[in-house]
Amino acid sequence: MKKSPLPVQNLTCREKQRNCGKEALVKLLRWNFGHPDFRGNQLEAIETVLLGRDCFCLMPTGGGKSMCYQIPALAKKGIVLVISPLIALMENQVTALKEKGIAAEFLSSTQTSQLKNKIHEDLDSGQPSIRLLYVTPELIATSGFMSKLKRIHGRGLLNLIAVDEAHCISSWGHDFRPSYRKLSSLRNQIQDVPILALTATAVPKVQKDVIDSLNLQNPLVLRSSFNRPNIYYEVRYKDLLDDTYADLCDVLKSAGDACAIVYCLERTTCDDLSTHLYKNGISCAAYHAGLNNKLRSSVLDDWICSKIQVVVATVAFGKSGHIFVFHVLVCFIFETVYSTVQTIIAKLGCKLEPPAKKLAIDIQRKAFLKLGIDRKDVRIVCHFNIPKSMEALYQESGRAGRDQLPSRSLLYYGVDDRKRMEFILSIAESKKLQSSNSQQGPSKKSMSDFNLMVEYCEGSGCRRKKILESFGEQVSASLCKKSCDACKNPHLVTKYLEELTTAISVHQRNGFSKVLMSSSADAIENEQFSEFWNHDDEASGSEEDISDSDGK
Ligand SMILES: Nc1ncnc2c1ncn2[C@@H]1O[C@H](COP(=O)(O)OP(=O)(O)OP(=O)(O)O)[C@@H](O)[C@H]1O
């Protein structure tokens with residue numbers, strides 16, 4: 001429901017004098033967003049930037065990062081600048097804010113010149129009404145926009161610069177975007193304005209890189225817990241099951257019509273498993289890079305619209321895979337055509353709202369949806385093969401329960417799968433070394449990352465604790481509240497692990513079967529794992545193409 005915002009002018013004089021203390025900030029939160037109180041580190045981040053100090057804020061997906069810059073925008077007169085990697089993401093937030101009556105805008109080439117002019121006029125005025133201005137990193141890098149920003153700052157109206165998805169600046173993160181590097185000069189160009197860097201990437205190296213690259217000055221570093229209390233973690237042992245396909249089928253059937261993602265390592269497994277599940281009455285489809293664009297697109301559309309409940313996918317699913325890049329490219333073409341048409345029309349002195357604008361935005365929104373980030377009711381994420389690292393397990397299983405309702409992460413562990421992954425990782429490492437004379441890169445530690453993953457499956461003790469400790473979090477034993485199999489049924493898990501030890505020793509006696517080794521080599525040859533390689537090797541920088549370069 002639309003209601004008028006409660007910015008500073010609605011606060012009492014005493015509240016203003018206290019420079020927006022906690023009570024006043026909570027009031028802003030309740031009035032504008034309807035949330036009863038701040039979550040996690042939100043309040044600390046907000047208070048820090050309001051005091052003018054830089055802040056690095058690490059929160060898990062869905063943790064509420066946007067509130068950390070939206071509330072400061074309401075608490076002080078002036079403008080908060082938000083840098084975001086995708087126009088679709090900006091548009092989404094701006095629309096939601098406007099619905100709440102909050103003055104937010106974004107600048108991009110998808111807008112009409114008329115709208116852009118209006119925004120610029122507002123920014124140039126002595127008292128801009130805009131509270132939040134969303135822009136892309138490319139726009140920041142243009143001299144025209146930087147001069148404008150300096151002018152706004154000169155008038156004392158720039159309160160905060162928020163860098164959303166800040167891990168994109170780091171080449172250590174898997175979402176590195178070259179355009180984010182352009183933000184390095186921000187601190188030198190605009191001084192005395194706090195910078196707030198926000199990310200959900202927990203890797204310490206990325207954190208350091210972000211702080212150094214943005215040149216943050218004595219930032220307050222806030223790390224929220226990465227615990228996802230609504231996710232139940234469980235491992236099942238393939239070597240102890242009669243039929244893993246049948247077991248998964250039972251799991252999905254007993255969950256009713258629940259929405260699920262099943263991750264497999266190989267495309268053939270996706271196809272076989274999906275066929276098996278389908279034959280057993282489960283509404284599902286396979287999704288992997290071996291399928292043509294049209295088919296993949298329709299699988300995703302069907303899943304997003306709940307026409308199918310289960311997607312059996314390779315790791316490309318829910319990530320910036322080929323489909324996403326394809327959509328971004330189409331979008332870029334539309335934007336270019338749109339801008340050109342618009343310029344010609346403007347030169348002719350006509351006024352027109354070409355439908356291309358709507359189309360371009362629709363395509364971007366679709367690309368945004370195709371990131372897999374908008375289905376919040378995923379109840380089960382199953383790893384049918386062991387993931388390559390705890391981070392992969394966390395990020396992928398984290399797609400479950402984004403609506404905060406009880407959900408499951410189920411991993412099927414098999415000794416053959418482990419050997420296969422070790423083989424693949426060793427090949428990946430030598431491939432990397434050969435291809436780029438690469439200096440030390442993330443693959444260097446891939447085997448030790450994987451060993452932690454194996455310990456998650458083969459070791460005893462709380463699964464949740466292991467996940468969180470892999471991110472450097474100190475966890476108390478009571479945290480899990482019996483929401484993993486090892487805490488809920490410790491005796492049963494101990495029994496399974498003993499049986500597994502016996503199974504492993506049989507395997508070791510037989511050695512890593514030649515058949516498995518050669519089938520892994522064949523699979524690599526046939527590009528069965530291309531998603532796996534692409535994940536590490538591709539810098540998905542295409543998003544910069546859709547950004548604005550209009551430095552007006
Ligand atoms: N203090 C709060 N109390 C309750 N809900 C909140 C609070 N803060 C944010 N939320 C809600 O949590 C959800 C996630 O918020 P937001 O989109 O800002 O998260 P995020 O950390 O940016 O997530 P992502 O990494 O997916 O972009 C939103 O629906 C938001 O309204």
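Biologist: What covers the buried residues of helix α3?

Modeller: Keep in mind that this is a predicted model. Helix α3 spans residues 42-50, and its buried residues are Q42, A45, I46, E47, T48 and V49. The cover over those buried residues includes helices and strands: α2 (22-33), β1, α4 (67-75), β5, β6 and β7.

Biologist: And which residue with a positive phi follows α3?

Modeller: Helix α3 takes in residues 42-50. After α3 comes a residue with a phi near 95 degrees, and that is G52.

Biologist: Several of those covering strands sound like parts of one sheet. What is the order of the 7 strands in the open sheet?

Modeller: Let's start from the edges, where each strand pairs on one side only: these are β3 (104-106) and β7 (220-223). The pairing in this open sheet is parallel. Reading across from β3, the order is β3-β4-β2-β5-β6-β1-β7.

Biologist: By how many degrees are neighbouring strands of this sheet turned against each other on average?

Modeller: The sheet is an open one, built from 7 strands. Leaving direction aside, the average turn between neighbouring strands in it is 15 degrees.

Biologist: Let's look at one pair in there. Which residue of β6 is the bridge partner of I161?

Modeller: I161 falls in strand β5, which covers residues 158-163. Strand β5 pairs with β6 (residues 195-199) in the parallel sense, over 3 bridges. Among the β6 residues, the partner of I161 is I195.

Biologist: Which helix lies across β1 and β6?

Modeller: Strand β1 is residues 55-58, and the helix we want runs at about 155 degrees to β1. The helix is made of residues 204-213, and its name is α10.

Biologist: Two residues other than glycine have positive phi values, E165 and D192. Is E165 buried or exposed?

Modeller: E165 sits in the loop between β5 and α9 (186-189), and its phi is about 50 degrees. To count as buried, a residue needs 20 or more other C-beta atoms within 10 Å. E165 has 22 of them, so it is buried.

Biologist: Then is D192 buried or exposed?

Modeller: D192 lies in the loop between α9 and β6, with a phi near 65 degrees. A residue is exposed if 12 or fewer other C-beta atoms lie within 10 Å. D192 has 8 such neighbours, so it counts as exposed.

Biologist: Moving along to β10: which helix does the chain pass through from β10 to β11?

Modeller: Strand β10 (residues 284-287) is covered on both faces, with C284 and A286 buried on one side and A285 and Y287 on the other. It runs parallel to β11 (residues 310-313), joined by 4 bridges, and C284 has V310 as its bridge partner. The β-α-β crossover between the two strands is right-handed, and its helix, residues 293-304, is α13.

Biologist: There's a ligand too. How many polar residues does the shell around the ligand have?

Modeller: The ligand has 13 residues around it, and H35, R39, G64, K65 and S66 come nearest. By class, the shell has 4 nonpolar residues, 2 charged ones, and a polar count of 7.

Biologist: Last one, for the chain as a whole. What percentage of its residues are buried?

Modeller: The chain has 23 helices and 13 strands. Out of its 552 residues, the buried share is 44%.

Notes. Residues numbered from 1 in each chain as written. Predicted model: local features only at pLDDT ≥ 70, side-chain atom pairs only at ≥ 80, totals over all residues. Near = placed C-beta within 6 Å. Nonpolar A, V, L, I, M, F, W, Y, C, P; charged D, E, K, R; others polar. Pairing = 2+ DSSP bridges. Axes fitted to C-alpha atoms, helices over the stretch in contact; angles between N-to-C directions. Contact = placed C-beta atoms within 7 Å. Right-handed = clockwise from strand over helix to strand, strands pointing away.
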